[in-house]
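Q: Please take a close look at one strand of this model. Describe how it pairs, how far it is covered, and what is found in and around it.

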Amino acid sequence: MIKGISILRRAEDKAVYDRLSSFFASMGFAPGAGWKDSVSSGASFLAPLGNLEFVNGTFPSVADLMVEVTSLDQAYQAAERWLRADGGEAATKKLSEPTDTDWKARAFTVEPEPGFAFTFWAWTDPLKGKLVALEGDLSAEGMKFAIVVARWNAVITDRLLEGALDAMLRSGAKRQDIQVVRVPGAWEVPAAARTIAEQKKVDAIVTLGCLIRGETAHYEAIYNEVSRGIGQSQQETGIPHGFGVLTCETLEQALNRAGIKAGNKGFEAAAAAIEMVSMKRKIAESGKA
Ligand code: DLZ
């Protein structure tokens with residue numbers, strides 16, 4: 001019956017709204033659908049788990065919105081980077097040093113906007129903190145990427161490209177470490193991805209294209225080959241490939257998946273690629289132990 005918990009915060013003006021949105025995006029939150037109508041707009045950010053807690057007894061000294069993360073150090077660096085970009089060295093004063101809590105965790109509090117404080121925390125207790133699953137992080141710092149993007153349906157694929165670049169840059173990648181390769185259509189995406197993957201010069205590749213059923217002859221055949229080729233390139237080269245080739249019934253549906261109403265598939269494919277690079281590294285590390 002219960003689906004999730006939503007916490008609403010009033011952002012007094014558009015500038016505050018934009019700054020908070022920018023901060024949360026840079027911390028690695030997945031963007032939700034959000035909304036905009038004649039009376040208000042909402043920027044929404046999703047977390048994999050929601051948790052409402054009532055506390056009886058000593059109340060911890062934390063902000064009233066707490067975000068549990070898998071790596072406190074990475075979250076701290078992301079917050080520091082955002083503050084520094086926003087207001088220089090002085091702005092980092094809005095960030096407290098990570099400290100031990102009395103519940104076997106470490107936490108820091110950050111106030112990206114006056115009146116909006118958030119506590120980020122992670123378990124230190126080896127039992128609690130023990131990963132129930134090995135998961136990749138969403139930090140792209142130091143990673144190298146290629147984005148292969150089809151020119152066909154450019155009105156859509158340009159938006160997917162914007163989304164993919166946005167995800168990479170916000171996650172800490174440098175623009176000079178992202179190579180963008182344009183190909184004629186979705187059909188050419190796997191071959192280009194494969195060529196790049198075989199050079200082994202990038203950590204991950206993001207593949208972007210758009211096939212629209214009503215406008216594409218042999219739609220099924222093309223789609224099957226494109227997805228098979230991308231999957232095969234990923235499996236045979238070992239380089240993660242984010243899959244951002246839209247298959248839609250109509251142009252409207254494609255637009256919605258390219259940033260209008262239903263997220264941006266380019267952003268999602270890039271985020272998945274970043275996560276897979278991180279996961280691959282963690283698996284390699286855990287194999288050494
Ligand atoms: C030919 C074609 C058609 C009909 N439709 C699409 C499409 O919807 N999306 C896309 O990315 N590409 C399309 N193409 C072009 C092929 O992918 C390919 O570029 C050409 O057939 C040249 O090999």
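A: The answer below deals with strand β11, its partners, its cysteine and a nearby loop, and then turns to other parts for comparison.

The model is predicted, so local features are taken only at pLDDT of at least 70 and side-chain atom pairs only at pLDDT 80 or more, while totals for chains, interfaces and linings use all residues. Residues are numbered from 1 along each chain as its sequence is written, and side-chain values use heavy atoms, with hydrogens and water left out.

Strand β11 covers residues 204-212; helices (H or I, at least four residues) and strands (E, at least two) are DSSP runs numbered from the N terminus. Pairing requires that DSSP find at least two bridges between two strands. β11 runs parallel to β9 (residues 145-150), with five bridges between them, and Phe145 is opposite Ala204. β11 is also parallel to β12, to which eight bridges join it. Ile205 has His241 of β12 as its bridge partner, and Gly209 has Val245.

Together with helix α6 (residues 219-237), β11 and β12 form a right-handed β-α-β unit. Right-handed here means that, with the strands pointing away from the viewer, the path from the first strand over the helix to the second runs clockwise.

For cover, buried means under 20% relative accessible area, exposed over 50%, and partly exposed in between (1.4 Å probe, protein chains only). In β11, nine of nine residues are buried. In a regular strand, side chains alternate between the two faces of the sheet. On one side of β11 are Ala204, Val206, Leu208, Cys210 and Ile212, on the other Ile205, Thr207, Gly209 and Leu211, and all are buried. β12 (residues 241-248) is mostly covered too, with six of its eight residues buried.

Cys210 has 3% relative accessibility and therefore counts as buried. Its closest cysteine sulfur belongs to Cys248, and at 5.3 Å this is too far for a bond. A disulfide is a pair of cysteine sulfur atoms within 2.5 Å, and the whole structure has zero. Cys248 is itself buried, at 1%.

The loop between α5 (189-199) and β11 holds Asp203, whose partner Arg281 is in helix α8 (residues 265-288). Their side chains meet in a salt bridge (3.3 Å, N to O), the term being used for a side-chain nitrogen of Lys or Arg within 4 Å of a carboxyl oxygen of Asp or Glu. The pair ties together parts 78 residues apart in sequence. Asp203 is partly exposed at 24%, as is Arg281 at 39%.

The count of salt bridges is 17. Among them is Arg19 with Glu113, with closest N and O atoms 2.6 Å apart. Arg19 is in helix α1 and Glu113 in strand β7 (residues 105-113), so this pair ties together parts 94 residues apart. Glu113 is buried at 11%, whereas Arg19 is partly exposed at 23%. Arg19, Asp86 and Glu113 are linked in a network.

Elsewhere, Ile5, Ile7, Leu52 and Phe54 make a nonpolar surface patch of about 490 Å² of accessible area together. Areas come from the Shrake-Rupley method with a 1.4 Å probe, and for residues only the protein chains shown count as cover. Patch residues have over 30% relative accessible area and no salt bridge; like charges are joined within 9 Å, and nonpolar side chains (Val, Leu, Ile, Met, Phe, Trp, Tyr) within 5 Å. Leu52, in the loop between β4 (45-46) and β5 (66-68), is exposed at 58%.
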